[in-house]
Amino acid sequence: MKEKLNVVIVGGGSTWCPGILKSLTKHQDILPLKRVVMYDTDADRQAVIGEFGKILFREEAPDVAFDYTTDKSRVYEDVDFVLCQIRTGGYDMRSTDEKIPLSMGLIGQETVGAGGMAYGIRSMTDMIEIVNDVRAQSPEAWIINYTNPAALVAYGLARVFPDEHRILNICDQPVNLLRSYGRLLGCASREFEPVYFGLNHFGWFTHIYDEAGRDLVPVIRDHVREHGFKPADAEQRDQSWLDTYAMVADMLHDFPDYLPNTYLQYYLYPKYKLAHLDPAYTRSDEVINSREKRVFAECRRVAQVGSAKGSSVVQNDAHGDMIVEVSSAIYRNTRQTFIVMVKNDGIIEGFPNDAMVEVAASVGVNGPQPYAVGKIEPFYYGLMTTQYSYERLAMEAYLEHSYEKALQALTLNRLVNDAKDAREVLDKLIEANKDYWPELK
Ligand code: NAD
Ligand code: G6P
Ligand code: MN
């Protein structure tokens, strides 16, 4: 491999982009860089973060050529890593994903329920275009993708590009959880060896071994049940995220076997969540008034003073660190363990081979080599089978332009369930997404 790498960040205007830029400058010992270019379809939005990036790179990594562009004609030439995190339709469409289902008494969330399906279908056309654009210019580049709903995007891309071996879909929530367990136990999570299985935003830690080989899962479970649970970066989190982490205690009270991913709260306690969600002020409103405002204001401030020294633009660096560390593991063939999305192919016994499962894997030059999970218990198998069928049908609805499969997908989704509700919410989502979805027949 090359001595220095060329990286493109797709979705340069993302609220998470400054964190990735910071991680890139910070980790040059493990991911040496020649060129970093941000690409976004929204020039004005990206320029604010791009100007921050120029100052950051000038101060922290002056030898790296840094730029940003909305011209994709040559952006992927001679690229080694494409780091991708786009939001098709922006926060306006996220708002409809949340509010349309909620107006009917159904959960709508970025990646969960009917709103998650709406976003998944929206993301696919852009994601397919990005993969084709990258491949036209850099057939060997690795595409590391965060774009949500990552479960649907991962499954959809695997169906559209069956011969692809250099697309890796990742999620930072397992890392966020590991860091939070570290905070709870008063130790660093870096040395934890996790065992995890599930689908994205739908999984469980079965074991977490410390350096001495001790399984920390029972200790963490007991601690959370007694004292509650907070994110590692609790002081910077919005109220809805604190509420989300608090629900882990409920889940461990009812289902003490494994440590659950926080997103399971919606599937396990939909009535409770519904009663505590405000249909007039959802997570998109909260993000617009918190993370988005904070990130863009801080980038503008940095541009004004001309220095990023001491900037607080990145509060939780788990997101940026993970994508840089995964890229480095591939580049340096370190075979470090990460929790990532891969094709099941027998990892979980008896589960469909084409499911994109989220499991621990050793990551090296050939990408992720997943560790076997084996047999899973009926409760988890049942939950996952329904969710897998929903994911598959949602993506087949997109690929085949099938109204019937979309209706089946929503009817199977635990957060819809009733076929008449499924039809009503589907019709409303079709109308709201007419600029983004293919016509379903
Ligand atoms: P955001 O709206 O702030 O940023 C997304 C950016 O993507 C915008 O600047 C937008 O203009 C740009 N964009 C949209 N379509 C594009 C396209 N076709 N090509 C290039 N750029 C395009 O959103 P955000 O909250 O920062 O999140 C970005 C994405 O990352 C979302 O999909 C989010 O769900 C995802 N995310 C995933 C994880 C994970 O765990 N997998 C974690 C954090 C964020
Ligand atoms: C976690 C999840 C992501 C999600 C992110 C932000 O990290 O793993 O998939 O996009 O949180 O969610 P928010 O609701 O704050 O935009
Ligand atoms: Mn995620």
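Me: What makes the approach of ligand 1 to the side chain of T15 a polar contact?
Reply: An oxygen atom of ligand 1 lies 2.7 Å from an N or O atom in the T15 side chain. A polar contact is a pair of N or O atoms within 3.5 Å (within protein, one must be able to donate a hydrogen and the other to accept it, and residues adjacent in sequence count only if both atoms are side-chain atoms), so the T15 pair qualifies. The side chain of Y119 has an N or O atom at 2.6 Å from an oxygen of ligand 1, and for R291 the distance is 3.2 Å. The protein covers 93% of the 870 Å² of accessible area that ligand 1 has on its own, areas being computed by the Shrake-Rupley method with a 1.4 Å probe and, for residues, only the protein chains shown as cover.

Me: What kind of model is this, and how are its residues, chains and ligands numbered?
Reply: The model is predicted: local features need pLDDT of at least 70, side-chain atom pairs count only at pLDDT 80 or more, and totals for chains, interfaces and linings use all residues. Residues are numbered from 1 along each chain as its sequence is written, chains are lettered from A and ligands numbered from 1 in the order in which they are written, and side-chain values use heavy atoms, with hydrogens and water left out.

Me: Which residues come nearest to ligand 2, and what makes a residue count as near?
Reply: A residue is near if one of its heavy atoms lies within 4 Å of the molecule. Of the 14 residues around ligand 2, R94, N148, D172, R283 and R291 come nearest. Oxygen atoms of ligand 2 are 2.4 Å from an N or O atom in the side chain of D172, 3.1 Å from one in H201 and 2.8 Å from one in R291. Taken alone, ligand 2 exposes 380 Å², and the protein buries 92% of that.

Me: Why are C171 and H201 called donors to the manganese ion (ligand 3)?
Reply: C171 (SG) and H201 (NE2) coordinate the ion at 2.2 to 2.4 Å. Donors are N, O and S atoms within 2.8 Å of the metal (3.2 Å for Na, K and Ca), so both atoms pass; water is not among the atoms, so sites may look incomplete.

Me: Why are C171 and H201 called buried?
Reply: Buried means under 20% relative accessible area (exposed is over 50%, partly exposed in between; 1.4 Å probe, protein chains only). C171 has 5% and H201 has 4%, so each is buried.

Me: Why is the pair of F202 and Y267 called edge-to-face?
Reply: The ring centres are 4.8 Å apart, with 70° between the planes. Rings of Phe, Tyr and Trp (its six-membered ring) pair if their centres lie within 6.5 Å; planes under 30 degrees apart count as stacked, over 60 as edge-to-face and the rest as tilted, so F202 and Y267 are edge-to-face. F202, in strand β8, and Y267, in helix α9, are 65 residues apart. F202 is buried at 0%, as is Y267 at 3%. W204 and Y380 also form an edge-to-face pair, at 4.8 Å and 80°.

Me: What makes R237 a charge over the ring of W241?
Reply: R237 lies over the face of W241, 4.8 Å from the ring centre. The rule asks for NZ of Lys or CZ of Arg within 6 Å of the ring centre and within 35 degrees of the ring normal, so the 4.8 Å of R237 meets the distance limit.

Terms used: Helices (H or I, at least four residues) and strands (E, at least two) are DSSP runs, numbered from the N terminus.
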